[in-house]
Amino acid sequence: MISVIMLTYNRENMVGRAIESILNQTYQNFEFIIVDNGSTDQSGKIADSYAEKDSRIKVIHLPKSNIGTGRNTGLDMAKGDYVTFIDDDDTAEPDMLEFLHALAVECDADIALCGSYKEVNGEILPNCVFDEKLIMTPEEAVVTLLKRKKYGAGMPTKLFSKKLFDTIHFENNRKYEDIHTTYKYFANAKSVIAHGMPKYRVFRHGGNNSSFTTNDLLLTPEQLDEYFEAFRERTVYLSNKLPKIADYAQYSEWSYMISMCNKIEKNHLKQCSKQLEFVKNELTAHYDEFYHSPYIEEFEKEYMKRYIG
């Protein structure tokens, strides 16, 4: 059985579409846990109405809480051998569960993942779509995750062995919980299989928690501070857990810093001046190590020359 977990918060115009995309799956052996995270609109009632018609749906109503708390609550109820997540403003293709389950079983993998489309202002764009099937060790899977080209940290599009959540829980006090935990699941998996065929559709809109990823002007000091802290912790964790990729983990942290430096400077984000100072101090202190890293991209060298000197 697969446990599908979805949080909803004030998405009354979208949540029904997301629910139906799961109910219409070709793979039917699932339970659907919907966590109403304190909605003040009709989202929770809409979820209840679906639960009255389908016994596989279980709805939990929480006081207003964050994503980590909601997901942990869903996991506490989950009885499946595998767990996957869907966001309440997205949809799954009808064969997504069947596709991911077949991948996981084929290679006895702890994590299986697929590609996706993203819809931005009515335009359908590929999002982490690739042709080949990748069977990866934890080291290979984490490095591919850090590269952010074939897949990213978001929980949707991924099917996890339930046992991965026995010791690694979501953090209850974070706004961007995926960046704090996803890499840990990959690092602790015995193997990961990825096939970039798009089986999920992401809808980008102004209300997305991650809307800043498509609009640099939405970057905030709070978001940057959380990312810097999370990526520092990630470097330390991966250096201990997977020492073979410690150098790449460190490079990835600096790579994010120079990218943010460019975005802050280019967009004149004066509200992020403190974060810009932090980045410049860090990259100045590690200039030679980063600039001469075997992983550094040419554009990153140009940014280093332009902004760090």
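In this predicted model, the largest nonpolar core, a set of buried Ala, Val, Leu, Ile, Met, Phe, Trp, Tyr and Cys residues joined through side-chain atoms within 4.5 Å, holds 68 residues, of which Phe85, Phe165, Tyr185, Phe186 and Leu283 touch the most other members. Helix α8 (residues 246-266) gives the most to this core, contributing 10 residues. Buried here means under 20% relative accessible area, exposed means over 50%, and partly exposed lies in between, with a 1.4 Å probe and protein chains only. Apart from this core there is a second, separate one of 31 residues, which includes Ile34, Phe99, Ala112 and Cys114.

Residues are numbered from 1 along each chain as its sequence is written, and side-chain values use heavy atoms, with hydrogens and water left out. Because the model is predicted, local features need pLDDT of at least 70 and side-chain atom pairs count only at pLDDT 80 or more, while totals for chains, interfaces and linings use all residues. Helices (H or I, at least four residues) and strands (E, at least two) are DSSP runs, numbered from the N terminus.

Towards the start of the chain, helix α1 (residues 15-23) is mostly covered, with 7 of its 9 residues buried; these are Val15, Gly16, Ala18, Ile19, Ser21, Ile22 and Leu23. They pack against β1 (2-8), β2 (30-36), α2 (43-53), β3 (57-61) and β5 (91-92), where contact means heavy atoms within 4.5 Å.

Two packed helices are described by the angle between their axes and the distance between the axes. For α6 and helix α7 (residues 221-241), the angle is about 15° and the axes are 9 Å apart, the axes being lines fitted to C-alpha atoms over the stretch in contact, with angles running from 0 to 180 degrees between N-to-C directions. That makes α6 roughly parallel to α7, a description used for angles under 35 degrees. On the α6 side the contact involves residues including His180 and Tyr183, and on the α7 side residues including Glu226 and Glu233.

Some of these residues also meet Arg174, which lies in the loop between β9 (158-161) and α6 (178-188). Arg174 is buried, with a relative accessible area of 14%, and, leaving aside neighbours within four places in sequence, Arg174 is in contact with Asn66, His180, Glu226, Glu229 and Glu233. Its side chain makes a polar contact (a pair of N or O atoms within 3.5 Å, one able to donate a hydrogen and the other to accept it, with residues adjacent in sequence counting only if both atoms are side-chain atoms) of 3.0 Å with that of Glu171, and another of 3.0 Å with that of Glu229.

Methods:
Parallel < 35°, antiparallel > 145°, perpendicular 65-115°, else oblique.
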